[in-house]
Amino acid sequence: MAMVVVIFETSGREPALPPESLERLAELGVSSVALLRDEATAGLVLEGWAFDPVRARDAVLDTLGAGADARTLLPLAQMAVTAARSGEV
C-alpha cells in the first residue's frame with residue numbers, strides 16, 4: 001500500500017475536503033484519507049494500492065489547495081506491531 005503524508009499551514013482556517021477534491025484523489029488512486037490538525041498545521045495521510053505518491057505529488061497539492069509551503073513525507077518503513085504473549089520474549 002502506497003502512502004504519503006502532506007503537511008501544510010492552516011492560516012487559521014478550517015481545512016476541508018470538498019467532494020470534488022475527494023473525487024480527484026480517487027482518480028489518482030487514493031483509497032483512504034485521514035485529516036489531522038492542530039492550531040496552526042494540518043496533515044493528510046493518503047493511502048492507496050494504485051497510488052504513486054512520487055508521481056502524483058503536484059496533483060495532490062493542487063487538489064488540496066495546499067500552497068508551495070506544503071511538505072510531503074514519504075514512508076521509510078511500515079510494519080505491524082503485536083503484543084508479546086505472556087512469558088515470551
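## A salt bridge within helix 1

A salt bridge is counted here when a side-chain nitrogen of Lys or Arg lies within 4 Å of a carboxyl oxygen of Asp or Glu. By this rule, the count in this structure, which is a predicted model, comes to one salt bridge. The two partners are E27 and R24, and their closest N and O atoms are 3.5 Å apart, a value that falls within the 4 Å limit of the rule. Side chains of opposite charge can pair when their charged atoms come close.

The positions of the two residues along the chain are also worth following, because E27 and R24 are three residues apart in helix 1 and are therefore separated by about one helical turn. The two partners can also be described by their accessibility: E27 has a relative accessibility of 61% and so counts as exposed, while R24, with a relative accessible area of 33%, is partly exposed.

## How the two helices pack

Two packed helices are described by the angle between their axes and the distance between the axes. For helix 1, which covers residues 19-27, and helix 2, which covers residues 57-64, the axes come within 9 Å and cross at roughly 170°. Because an angle over 145 degrees counts as roughly antiparallel, helix 1 and helix 2 are described as roughly antiparallel to each other.

On the side of helix 1, the contact is made by S21, R24 and L25, and on the side of helix 2 it is made by A59, V60, T63 and L64. When these residues are sorted by class, the contact of helix 1 with helix 2 has four nonpolar, two polar and one charged residues. R24 therefore appears in two parts of this report, as a partner of E27 in the salt bridge and as a member of the contact with helix 2.

## The four-stranded sheet

The strands form an open sheet of four, with the order 2-3-1-4 and antiparallel pairing. Its edge strands are strand 2 and strand 4 (71-73), each of which pairs on one side only. On average, neighbouring strands of this sheet are turned by 20° against each other when direction is ignored.

Strand 3 (residues 41-48) is largely enclosed by the rest of the structure, because seven of its eight residues are buried. With strand 1 (residues 2-9), strand 3 pairs in the antiparallel sense over eight bridges; in this pairing M3 stands opposite E47, and the bridge partner of V6 is L44. With strand 2 (residues 32-37), strand 3 is joined by six bridges, and these two strands also run antiparallel. A34 has V45 of strand 3 as its bridge partner, and strand 2 and strand 3 form a hairpin with three residues between them.

## Where helix 2 and W49 lie

Helix 2 also has a place relative to the sheet, since it lies across strand 1, strand 3 and strand 4 and runs at about 45° to strand 1.

Where along the chain is W49 found? W49 belongs to the loop between strand 3 and helix 2, and, with a relative accessible area of 69%, W49 is exposed. If its neighbours within four places in sequence are left aside, W49 is in contact with M1, G29 and S31. P18 stands 31 residues from W49 along the chain, and the C-alpha atoms of these two residues are separated by 22 Å.

Technical notes
Residues are numbered from 1 along each chain as its sequence is written. This is a predicted model: local features need pLDDT of at least 70, side-chain atom pairs count only at pLDDT 80 or more; totals for chains, interfaces and linings use all residues. Side-chain values use heavy atoms; hydrogens and water are left out. Axes are lines fitted to C-alpha atoms, for helices over the stretch in contact, and angles run from 0 to 180 degrees between N-to-C directions. Angles under 35 degrees count as roughly parallel, over 145 as roughly antiparallel, 65 to 115 as roughly perpendicular and the rest as oblique. Contact means heavy atoms within 4.5 Å. Ala, Val, Leu, Ile, Met, Phe, Trp, Tyr, Cys and Pro count as nonpolar, Asp, Glu, Lys and Arg as charged, and the others, Gly among them, as polar. Buried means under 20% relative accessible area, exposed over 50%, partly exposed in between (1.4 Å probe, protein chains only). Two strands pair if DSSP finds at least two bridges between them.
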